[in-house]
Amino acid sequence: MNTQTKHSLMLMLCAFIWGTAFVAQSAGSGMGAYSFLAGRSWLAVLVLLPTVRAFDALHRRHGAAYGWPKAPADRRLLLTAGLCCGTLLFAASAAQQIGITLNPSTAKAGFLTAMYVVLVPVFGLFLGRRGSARLWLSMVIAVGGLYLLCMKNGFGGIEASDWILLSCAVLFSFQIMTVDHFSPQVDGVRLSLLQFFVVAVESTAAALLFENPTLAEFGANWLPLAYCGVMSSGVAYTLQILGQRDVNPAIASLIMCLESVFSALGGWLLLHQSLSMREVFGCTLIFAAVVLAQLPVEDWLKCRSASRK
């Protein structure tokens, strides 16, 4: 299994965790958005602290470099990466949680948030990334599949929460591209730790300014907080940073939009929710789009042209 395949599998696992976390976020929508985000982010920090030590021990055993960067320039780079990724993640996650709080429809939230699948390659054009026709076709197929899967009764009118969730998709697009920029240059697990430390500090400040968080509130929502903090934040976002190292950000966004499919399949398997033919077709289209985007067509064409010579 080559490196790119391993990283794609990491992103798929990341999408699986995020898909199941939508239910937990909806369950926690009874408390303030910033308070919920602060709680899950501090939990992520607690999970990632021993994770960093475990990765250091693994690197030490294999004779690889480990520990915090010693050169001032490397430390500045890691801190800058953590601040940029963390601030964007805070803004995107806060917008998502506020949108879900205003309208607890996880289907619409899943669809609107997943619009980063189109926005990432569009914004990439401004950075000189020219996607292939096959990649753009994959994006169109994925959006069609997302609509069929999530939007069973259409939009039903544009609401304030929809605009907030669309802004969330824009912010997640920037976060994905920022991770793509920094992840090859810094330690991925340390970047994840710093990213969530920034999110935790910023969301705590916002909760104290705009909400009235109480211990009773955190106690009543401990289960969705625990799942989102440990799995969605601590595990999945670390997998995103590690997985994006050798994957085109447009393809990475396409793989991660599978969270909508995993959300639907999880409800079918675990909660015995039925899937209509429309939803099954939507899931099939999204899977087809992900496979199409990653088919090594260029390599096949090179091999064919080489064999003819």
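These are legends for a set of close-up views of one predicted model.

**View 1. The whole chain is built from helices, with no strands.**
Start here to get your bearings. The protein chain has 14 helices and 0 strands, so if you are hunting for a sheet, DSSP assigns no strand to build one from. Of its 309 residues, 47% are buried. The accessible surface adds up to about 14,700 Å², and carbon and sulfur atoms own 69% of that. Now for how the chain folds back on itself: take the contacts with a separation of 6 or more, and 91% of them are between residues 24 or more positions apart.

**View 2. Asp56 and Arg190 meet in a salt bridge.**
Zoom in on the two side chains and you'll find an N to O distance of 2.6 Å. Asp56 belongs to helix H2 and Arg190 to helix H8 (residues 188–210), so this pair ties together parts that are 134 residues apart in sequence. Are these two partners buried or exposed? Asp56 counts as buried at 10% relative accessibility, and Arg190 is buried as well, at 2%.

**View 3. Arg190 also pairs with Asp187.**
Stay on Arg190 and look for its other partner. The side chains of Arg190 and Asp187 form a salt bridge with an N to O distance of 3.5 Å. Asp187 counts as partly exposed, because its relative accessibility is 26% and the buried label needs a value under 20%. Through shared partners, Asp56, Asp187 and Arg190 end up in one network of salt bridges. The structure holds 2 salt bridges in total.

**View 4. Trp42, Phe197 and Val201 make a nonpolar patch on the surface.**
Here we move to the outside of the model. Together the three residues offer about 270 Å² of accessible area. Trp42 sits in helix H2 (residues 33–61). With a relative accessibility of 35%, Trp42 counts as partly exposed.

**View 5. Gly82 sits in helix H3, up against residues from much later in the sequence.**
Helix H3 covers residues 72–102. Gly82 is buried, at 1% relative accessibility. Which residues does Gly82 contact, leaving aside neighbours within four places in sequence? They are Leu191, Leu194, Gln195 and Val198. For a distance to check on screen, try the C-alpha atoms of Gly82 and Val186: they are 9.9 Å apart, although 104 residues separate them along the chain.

**View 6. Gln175 is a buried glutamine in helix H7.**
Helix H7 runs over residues 160–182. Gln175 has a relative accessible area of 1%, so it counts as buried. Setting aside residues up to four places away in sequence, Gln175 touches Cys85, Leu88, Leu89, Gln195, Tyr237 and Gln240. Gln195 may ring a bell, as it is also among the contacts of Gly82.

**View 7. The cysteines in this model form 0 disulfides.**
A disulfide is a covalent bond between the sulfur atoms of two cysteines. Cys85 is in no disulfide, since the nearest cysteine sulfur, that of Cys84, is 6.8 Å away and the cut-off is 2.5 Å. Cys85 is buried, with a relative accessible area of 0%. Cys14 is buried too, also with a relative accessible area of 0%.

**View 8. The largest nonpolar core has 57 residues.**
Which residues have the most contacts inside this core? They are Phe196, Leu254, Met256 and Leu258. Pick Leu254 and look around: not counting residues up to four places away in sequence, Leu254 touches Val117, Ser138, Met139, Ala142, Ala289, Val290 and Ala293. Another core, of 9 residues, lies apart from the largest one and includes Val179, Val186, Leu191 and Ile241.

**View 9. Helix H11 is largely enclosed by the rest of the structure.**
Leu254 turns up again here, in a helix covering residues 249–256. Why is H11 described as enclosed? Because 8 of its 8 residues are buried. Going along the helix, the buried residues are Pro249, Ala250, Ile251, Ala252, Ser253, Leu254, Ile255 and Met256.

Terms used:
Residues numbered from 1 in each chain as written. Predicted model: local features only at pLDDT ≥ 70, side-chain atom pairs only at ≥ 80, totals over all residues. Heavy atoms only, no water. Patch = residues over 30% accessible without salt bridge, like charges linked within 9 Å, V, L, I, M, F, W, Y side chains within 5 Å. Areas by Shrake-Rupley, 256 points an atom, 1.4 Å probe, with all protein chains shown as cover. Salt bridge = Lys/Arg side-chain N within 4 Å of Asp/Glu carboxyl O. Helix = DSSP H or I, 4+ residues; strand = E, 2+ residues; numbered from the N terminus. Buried < 20%, exposed > 50% of the residue type's maximum accessible area, 1.4 Å probe, protein only. Contact = heavy atoms within 4.5 Å. Core = buried A, V, L, I, M, F, W, Y, C linked by side-chain atoms within 4.5 Å.
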